[in-house]
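Hi everyone, thanks for coming along. I'd like to walk you through one structure today, so have the viewer ready.

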Amino acid sequence: VVDNPKESERFLWDFRRTIVDLIAQNHYGTVTNYLHKDGIKTYSEAGGVSLESTEDALLNKKYVDIPMGEFWVKDLHPSSMYYEDMRGAASASHVYGKGLVAAESFTGGNYEAPATLKKLADYWFTQGLNRMVFHTSAQQPLDTKPGNTMVGTHINRNITWAELGRPFMTYLARNMYMLQQGIYAPDISYLLNEGAPSTMPFWGAGVQPSTPEGYLFDYTNADALLTRFSVNDKGKLVLPDGLQYSILVLPPTPKMTLPVLRKIQQLVAGGAIVVGEKPTSPPGLTGSASADEELKQIVFDMWGDLDGISRTYKAYGKGKVYWGIPLGRVLSENGVIKDVDDHRALTEVSWIHRHDGNKEIYLMVNRTDSTQNLHVKFRVTGKEPMLWHPDHGNSEEVSYQMNSDNTEVPLTLEPHET
């Protein structure tokens, strides 16, 4: 006990936070720096699907060259783990400007056919994956068949479809090539809890408040927020490589450190839109009494009398603070229409959007066994749409109707077509 239970909790917050910082810098950072001396780059899941371990998941991945997640063929663990793990890897790559998002791919399988693997790959492509690391493909100096290579899906020269595998591998390569172009195009940034563990929400209902249909999101952590986020003259949150977000969503906790709160105050004063409950106190011992008083003053200035129930909006500087309003409403009230919209819910179609100079790249995936006839409105104007087919490599023109703020394209997707 440090003085009393309250002080002990604040001490433990600092202690745990110190541990996760050291793990990121002195483990992953040390390994990466050592290997860079010999021109070697690092992949790492850093620290992998390990539930909510003592880590800052995004900070770990900052200190490797290529962040990784993983996904399995069979649902041997709760599927939310893989989803959050991949979204964490993608988010780390995006907020730290890494470019590549890798994954240990097809773990836990056996002798699956390409059709099965394609369905899985298509979904994870829409969650940010753009470089696969097969689990498992092994060096095989002998011609011993059938070529079992350990726990994992067997992808090697001795499987039954190896000689017929070129079209499948080419299909994966075309998708990955396109998804490595430009930068991700999200609207929402969810700030993760600063304390330890600082991870994606592996358990429960997932990210809260939930992401409205038609928009893309990322996670960010305190380090990236403090070192890489700024606000432009349009009120967009921007990163050095051009990545933009329309709103920042705060974690569901009343604890916030002063450096992070000061940064949020600076962003909102400059025009940013922030959604979340007001902090009530700093979590650690740094600054102690003086930190408590400064936090209360900033919170009063920014949130005023908001309670998240009857009083939910306040202007501050050039920006806005919301508390208790659905994200879809916040976005629409601020002129951010859906990036992808259809006359019906797109629950059976997965998608992702990347911005590449004067081009907008959308990957659309039909995840069902039936044909999907869509009339998709893309949040793009002034450009001519084309359909690109990753299975045979051809492209074609398509009819469309351009409106003031979007382009509507009739889109027929055959079963499991991309």
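**Aromatic pairs first**

Let me start inside: tyrosine 219 has a relative accessible area of 1%, so this residue is buried. Before I go on, please keep in mind that this is a predicted model.

Tyrosine 190 is buried as well, because its relative accessibility is 3%, where the limit for buried is under 20%. With tyrosine 219, tyrosine 190 makes a tilted aromatic pair: the ring centres are 6.3 Å apart and the planes meet at 50°. Now, which strands hold these two rings? Tyrosine 190 sits in β6, residues 188-191, and tyrosine 219 in β7, residues 217-220, so the pair ties together parts 29 residues apart in sequence.

How many aromatic pairs does the structure hold? The count is 13. Another of them brings together tryptophan 161 and phenylalanine 168, whose ring centres lie 5.9 Å from each other; their planes are at 80°, so this pair is edge-to-face. Both tryptophan 161 and phenylalanine 168 are buried.

If you like clusters, please select Phe71, Phe106, Tyr123, Trp124 and Phe134, which together form one aromatic cluster. And there is a charge over a ring to look at: arginine 87 lies over the face of phenylalanine 217, 4.1 Å from the ring centre.

**Salt bridges**

On to the charges. Side chains of opposite charge can pair when their charged atoms come close. Here we count 12 salt bridges, and I've picked three to show you.

The pair I'd begin with is aspartate 21 and arginine 17, with 2.7 Å between the closest N and O atoms. Both residues belong to helix α1, residues 5-36, and they are four residues apart, which is about one turn of the helix. Are the two partners buried or exposed? Arginine 17 has 13% relative accessibility and therefore counts as buried, whereas aspartate 21, at 24%, counts as partly exposed. This pair also has company, as salt bridges with shared partners join Arg17, Asp21 and Asp56 into one network.

The next pair is aspartate 223 with lysine 62, where the closest N and O atoms are 3.1 Å apart. Here the link is between distant parts of the chain: aspartate 223 is in helix α6, residues 222-228, lysine 62 is in helix α2, and 161 residues separate them. Lysine 62 counts as partly exposed because its relative accessibility is 27%.

The last of my three joins aspartate 305 and arginine 311, with the closest N and O atoms 3.5 Å apart. Arginine 311 has a relative accessible area of 36%, so this residue is partly exposed.

**A loop residue**

Let's turn to glutamate 52. Where does glutamate 52 sit? Its place is in the loop between β1, residues 43-44, and α2, residues 57-62. With a relative accessible area of 45%, glutamate 52 is partly exposed. Setting aside neighbours within four places in sequence, glutamate 52 is in contact with Pro197, Thr199, Met200 and Phe202. For another distance to try in your viewer, go from glutamate 52 to glutamate 277: they are 225 residues apart along the chain, and their C-alpha atoms are separated by 23 Å.

**A three-stranded sheet**

Next, a little sheet topology. Strands of a sheet pair through backbone hydrogen bonds, either parallel or antiparallel. One open sheet of three strands runs in the order β8-β9-β10, and its pairing is antiparallel. Why is one side of β8 and of β10 left without a neighbour in the sheet? β8 (230-231) and β10 (244-245) stand at the edges with a single partner strand each, so there is nothing in the sheet on the other side. Strand β9, residues 237-238, is joined to β10 by two bridges, and in one of the pairings leucine 237 has tyrosine 245 of β10 as its bridge partner.

**Zooming out**

Finally, the whole chain, which has nine helices and 22 strands. The radius of gyration is 23 Å, close to the 22 Å that the globule rule gives for 418 residues, so the chain is as compact as a globular protein of that length. Along the principal axes, the C-alpha atoms fill a box of roughly 70 × 55 × 40 Å. Buried residues account for 51% of the 418. As for contacts between residues at least 6 apart in sequence, 70% join residues at least 24 apart.

That's my tour, thanks for listening!

Notes:
Residues numbered from 1 in each chain as written. Heavy atoms only, no water. Buried < 20%, exposed > 50% of the residue type's maximum accessible area, 1.4 Å probe, protein only. Contact = heavy atoms within 4.5 Å. Phe/Tyr/Trp six-rings, centres within 6.5 Å; stacked < 30°, edge-to-face > 60°. Lys NZ or Arg CZ within 6 Å of the ring centre and 35° of its normal. Salt bridge = Lys/Arg side-chain N within 4 Å of Asp/Glu carboxyl O. Pairing = 2+ DSSP bridges. Rg over C-alpha atoms; globule rule 2.2 N^0.38 Å.
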